[in-house]
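This report concerns the interior of one protein. Please look at the sequence and the structure shown below before reading on.

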Amino acid sequence: MALAQLENQVVEAVEKLSESVVSIDSMRLARNFYGVVPLEGSGSGVIVSENGYIITNNHVIDDATRVQVNLKDGRSFVGEVIGGDAATDIALLKVQADGLPAAKLGDSEKLKVGQIALAIGNTLGLPGGPTVSLGVISALGRPLPGADYIYEGLIQTDTAINPGNSGGPLADINGNVIGINTAMIPFAQGVGFAIPIDAVKRIREQIIEKGRVVRPWLGISAIDLNRSIARRYSIPIEKGVFIVDIAHRSPAYEADLRVGDVLVQVGSHEVNQMKDLIAALSKAQFNKDIELSIVRMGKRYTTSVRPVEAPPPAISRRN
């Protein structure tokens with residue numbers, strides 16, 4: 001009986017959300033030995049407003065000269081790229097239509113490992129509507145291994161995420177979108193990643209308001225402190241962010257931070273790893289001082305720094 005109830009709940013969630021899932025066909029021009037040739041790509045997206053806003057992955061539409069959005073009911077629209085953020089692989093599209101079936105967005109801050117998760121998308125570009133896969137949330141707050149993107153705080157899931165699913169929703173058992181599917185690890189089994197929907201909401205708002213995503217910037221390059229680094233440099237702690245470089249004339253430079261300092265707190269946020277620093281900076285305000293706590297030469301110091309807008313990141317293209 002309980003299994004039948006679970007099955008019915010999954011079916012209802014899929015029926016509720018699948019109307020909001022779209023397939024996206026893109027075309028970009030590339031030059032080869034024979035001249036300029038069109039390259040076609042496909043992915044997925046999810047309608048997030050009745051008046052035509054659609055979320056997808058940035059790599060699905062990056063450098064596209066034409067974007068076609070196909071709805072489950074058979075309608076097709078030319079999609080306008082409102083903006084994209086390569087650092088988180090999120091893009092916002094707009095189609096000229098009203099009364100569209102918008103998905104309900106959930107709250108990724110309340111997720112727990114072990115929750116059931118549904119991935120819906122245009123797997124392999126197969127005809128016949130979206131494909132559904134079922135799994136669980138395997139981990140939270142994951143960085144994506146080997147990525148040039150700022151992939152911090154991702155949802156890891158064993159829900160099957162295949163080529164073509166990129167940009168589609170990861171949903172809870174009630175059909176609420178909790179993430180946007182972004183990547184799978186080749187040759188691994190049951191390891192997929194999604195961008196938490198709370199981060200997607202913030203990115204969407206900034207793209208609509210400013211046409212781009214802006215981030216507070218300190219001007220440091222850093223790595224997670226570990227036991228090996230702590231022993232090598234006689235650092236009395238084993239958690240924090242170890243500064244390895246500071247950009248000239250950056251906010252960190254002006255605040256007299258130094259290479260070898262260990263950053264352990266930003267404002268009220270404790271910093272144990274790089275993901276903690278990124279999360280803390282995402283909540284910081286531009287041109288307003290924030291307090292930093294650092295460990296230098298075995299002693300703890302407090303200083304203040306005024307973040308500025310981050311320069312555009314150098315992002316490598318992903319196939």
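The text below moves from the whole chain to its cores, then to one helix and one residue.

**Overall picture**

The structure is a predicted model. The protein has 319 residues, and 44% of them count as buried. Its secondary structure consists of 6 helices and 21 strands. Among contacts between residues at least 6 apart in sequence, 59% join residues that are at least 24 apart. The protein exposes about 16600 Å², of which carbon and sulfur atoms supply 50%.

**Two nonpolar cores**

The largest nonpolar core comprises 21 residues. Within it, the residues with the most contacts are Leu17, Val46, Ile55, Ile90, Val177, Ile180 and Val200. Four elements, listed in the table, each supply at least two residues of this core.

| Element | Residues | Supply to the core |
|---|---|---|
| Strand E7 | 90-94 | at least two residues |
| Strand E12 | 177-184 | at least two residues |
| Strand E13 | 192-196 | at least two residues |
| Helix H3 | 197-210 | at least two residues |

The largest share of the core, 5 residues, comes from H3. A second, separate core has 19 residues, among them Ile246, Leu263, Ala280 and Ala284.

What surrounds Leu17, when residues up to four places away in sequence are not counted? Leu17 touches Ala103, Ile120, Pro169, Ala171, Gly175 and Val177.

**One face of helix H6**

Helix H6 spans residues 274-282, and its buried residues are Leu277, Ala280 and Leu281. Seen down the axis of H6, these buried residues fall within an arc of 95 degrees, so they line one face of the helix. A general rule of helix geometry is helpful here: an α-helix has 3.6 residues a turn, so residues three or four places apart point the same way. The cover over the buried residues of H6 includes strands E14 (216-217), E15 (220-224) and E16 (241-246). Strands E17 (262-266), E18 (269-270) and E19 (290-296) are also included in that cover.

**A buried serine**

Ser133 lies in strand E9, which covers residues 131-142. Is Ser133 buried or exposed? Its relative accessibility is 14%, and the cut-off for a buried residue is under 20%; Ser133 therefore counts as buried. The side chain of Ser133 reaches the backbone oxygen of Ala160 at 2.8 Å. Leaving aside neighbours within four places in sequence, Ser133 is in contact with Ala117, Leu118, Ala119, Thr159 and Ala160. Ala160 thus appears both in the list of contacts and as the residue whose backbone oxygen is reached by the serine side chain.

Note on methods. Residues are numbered from 1 along each chain as its sequence is written. This is a predicted model: local features need pLDDT of at least 70, side-chain atom pairs count only at pLDDT 80 or more; totals for chains, interfaces and linings use all residues. Side-chain values use heavy atoms; hydrogens and water are left out. A nonpolar core is a set of buried Ala, Val, Leu, Ile, Met, Phe, Trp, Tyr and Cys residues joined through side-chain atoms within 4.5 Å. Buried means under 20% relative accessible area, exposed over 50%, partly exposed in between (1.4 Å probe, protein chains only). Contact means heavy atoms within 4.5 Å. A polar contact is a pair of N or O atoms within 3.5 Å; within protein, one must be able to donate a hydrogen and the other to accept it, and residues adjacent in sequence count only if both atoms are side-chain atoms. The arc is that of the directions from the helix axis to the C-beta atoms. Accessible areas come from the Shrake-Rupley method with a 1.4 Å probe; for residues, only the protein chains shown count as cover.
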